Each structure stands twice: as structure tokens, then as C-alpha cells.
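Student: Please take one part of this model and look at it closely with me. I would then like to follow the chain and its partner outwards from there.

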Amino acid sequence: MIGPEEGVMQSRAQAMAAILELMTDQPLIVCNGFPSREACKLRDRDQNFYMIGSMGATAGIGLGLALARPGKTVVVFDGDGNVLMSLGTLATIGALKPKNLIHVVFDNEVYGTTGNQPTYSRVVGLDKMAKAAGYLNVERVWEREDIVYEFKSMLGEEGPSFLLVKVNEQLEEADRIALAPAELTKRFKGSVS
Amino acid sequence: MAMLEADDFVKGLQGIGFDFFTGVPDTILGGIIAHLTEERLYTPAVREDEAVAMAAGAYLGGKIPAVLMQNSGLGNALNVLASLNLIYQIPCLLLVSWRGFEGKDAPEHLVMGETMTKLLDTVRIPHRTLSGETIVEDLQWTAKTFMEKRIPVALLLKKGIVKTIQP
């Protein structure tokens, strides 16, 4: 596997911003830790559901929503640590094949929120695992133009889709989510009904 | 008291609004899962925490979800229940089979069998043990607690209450 040249790689916030710009009214589930804080800072919207705990549950929540609302394209922002914690969910999604699910994984190869302890995604290809599990569209991207191109394609394709975005370890300064969890539930539920 | 038929029990759950079913199997729940599968109402999960997460997503999408699991699975599901459902006020019905009830089961079920209700009390998940005699009240309590508290509620299912597929 050949990685990008030093400096080509995006920060997660940069990659996230590129995808958030392409989104319209799609519901979005964002994993716990800094990803939720960054997404909230970059483009807060009623259709964003920010997790503050329950690490590993991101894709499961997205899957449940996708099954409940087959008419809506559900987007999940996940991390490598989260995916590794619930690898079984790749199998569940690969087997059930919800057409309306786009699973984006920002892979910085570390547990970034807790001090950059390495994850196994440096040596275990999460995209290969998603492909083996049965996701229909699987791509691995580094650069902004590829992120934009592949995410746009996935918005128009039948899923489940898996976009592995290799990012660097840089964290965006971002505050904790200001809304109380129960308020997030109300806001999000109202936006998808 | 005769055992409840699985399809009557499912009808009872549907009658109080439940329309999304997921979970991980147990022998006590076998009859219910078989019927739900036949009716294309059941989405299998691979772990109990994944099932609770799926149910949460379904709730956010407008469904009234139920999660079926053996009580051993409560251990797996505990973090999602504590750090998602209970703080976000995302309800679901936990239909939990009570393995290890009164110490009469295989060794792996004895600790959870004895401590399950204390565990549920500790994390403040309301629970009630289903019985054939009180099924109507049990279901009314489930619906009321679910709607009022907007948190997970557990119905505990001992062996021999609802018919299953294995004797």
C-alpha cells in the first residue's frame, strides 16, 4: 500500500468540510470524540446527530435509521477506532445491504481524542474489510478532489457505500457540543420526520 | 396457566405500537423470533450493543423499537444504554430472557441470573417480569413507561411463559 506524500494528506476537519459542503438534507450521524465537535463547528445543522459517548455504536445507529427511513440517504461519519470496536457491524451492513447508507470513515490511525495512541488501522485495511463484508461501493481516498468526487458518486449510487478517508492526526480546535443530549434527540428526530 | 403463543405475544407488542424488532437470539426467545422473522419484522444483529444502537437509529427515524436478547447480552449492551439511550432519552423495549433464574441453569448464566434485576435497578432501567396472568397489565405498563420516561424499559421473560421452538 502506497500512502500519500507528506503534506498531501488532509486533516480530518478539512476532509469533513469538503463532504459537509456537498450535503443537502441528508441525516448525518457523527461518532463520539473530536469528530462530533469538529462537525458541529464546521457546519451545524438540525440533521446532524452528535454522539458524545457510546463509542462503536455509530454505524449501528446509522443502519437503524437507514432501515427505518428507506427514502432518505443516511450518512455516517465514523472513525477508525469506532469501526474497529464494532467490526461485526460491517457484517450486519454488508449482509442487509441498505441502499441508502453512506459510511464515511475518517481514518487517522490513532485514538486522537485521547492522546494519539495508535490503532490497528495502520496495518488492517478497513476498506478491504468493508469490501469483504459486502458493501457495494468501497473507496479509499486521501486528497480533497478525490474525496469530493467519490462522495458525490456515492450520493447517486445504490449503497451500502464505504468511503475510507485517510487523514492526518491534526485536531481542529472545537468546543464540546453545547446542546444537551436530550435536546439533540429532539432536534434531530424533528428534522428527519 | 397455559403458555402464551408467540404470535399472540407479538400481536400484543404491535398493539401497543412496536414496529421495529432487532436482537440476538436465545432459546427462550426462539418462538418469538421465528414468528417475527416469518412476518418480516425482525432484523438480526450480531451483538446486543449493536442491536440497541440500531433500535436507537430506528427510533430517531420514527419507529417504536424493541430489542430481544438473553440477559448475558445486557453486559454487552450496558455502555450504549448508559451513554446513549439514558442520556439522550432514546427509548426502546428490552425483551430480555431470564437465564439463570433461581440458580437453575448452566454455570455461565448464574451470576447474571442472580444480579440482573439489581443491575437494571442500579442503572435505573425500569423492569417488570412478564407473566401469562398479567400480560395485559404488563404491556400497558411497558407502553406507559416507554412513552412517559423516554428511556429503555425491560420486560423480563422466564422460561415457559411464551412458547418457543425447542422444548
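**A lysine and its surroundings**

Tutor: Happily! Lys158(B) lies in the segment that follows strand E6 (153-157) of chain B; strands (E, at least two residues) and helices (H or I, at least four) are DSSP runs, numbered from the N terminus. The model is a predicted one, in which local features need pLDDT of at least 70 and side-chain atom pairs count only at pLDDT 80 or more, while totals for chains, interfaces and linings use all residues. Residues are numbered from 1 along each chain as its sequence is written, with chains lettered from A and ligands numbered from 1 in the order in which they are written.

How enclosed is this lysine? Lys158(B) counts as partly exposed because 15 other C-beta atoms lie within 10 Å; 20 or more would make a residue buried, 12 or fewer exposed, with C-beta atoms placed from the backbone. Setting aside neighbours within four places in sequence, Lys158(B) contacts Trp98(B), Phe101(B) and Thr129(B), a contact being two such C-beta atoms within 7 Å. Ile28(B) is 130 residues away along the chain, yet its C-alpha atom is 7.5 Å from that of Lys158(B).

The residue just before the lysine leads us inwards. Leu157(B) is among the residues that touch the most other members of the largest nonpolar core, which has 107 residues; Val104(A), Val165(A), Val52(B), Ala55(B), Ala56(B) and Val67(B) are the others. Such a core is a set of buried Ala, Val, Leu, Ile, Met, Phe, Trp, Tyr and Cys residues joined through C-beta atoms within 7 Å. Helix H3 (residues 48-60) of chain B contributes the most to this core, nine residues.

Val52(B), beyond four places in sequence, touches Val67(B), Ala77(B), Val80(B), Leu81(B), Asn85(B) and Cys92(B). Several of these partners belong to the next helix pair. The axes of H3(B) and helix H4 (residues 72-88) of chain B come within 7 Å and cross at roughly 35 degrees; axes are lines fitted to C-alpha atoms, for helices over the stretch in contact, and angles run from 0 to 180 degrees between N-to-C directions. The crossing of H3(B) and H4(B) is right-handed, meaning that the near helix is turned clockwise from the far one by less than a right angle (anticlockwise would be left-handed). Their contact has seven nonpolar, four polar and two charged residues, where Ala, Val, Leu, Ile, Met, Phe, Trp, Tyr, Cys and Pro are nonpolar, Asp, Glu, Lys and Arg charged, and the others, Gly among them, polar.

Helix H1 (residues 6-15) of chain B shows two sides. Its buried residues are Ala6(B), Phe9(B), Val10(B) and Leu13(B). They fall within an arc of 100 degrees seen down the axis of H1(B), so they line one face; the arc is that of the directions from the helix axis to the C-beta atoms. These buried residues pack against helix H2 (30-38) and strand E3 (65-70) of chain B, while Asp8(B), Lys11(B) and Gly15(B) are exposed on the other side. Just after H1(B), Gly17(B) has a positive phi of about 115 degrees.

Finally, the partner chain. The contact between the chains takes 28 residues from chain A and 25 residues from chain B. On the side of chain A, helix H3 (58-68), helix H5 (88-96) and helix H8 (181-192) each give two or more residues, and H3(A) has the largest share, eight residues.
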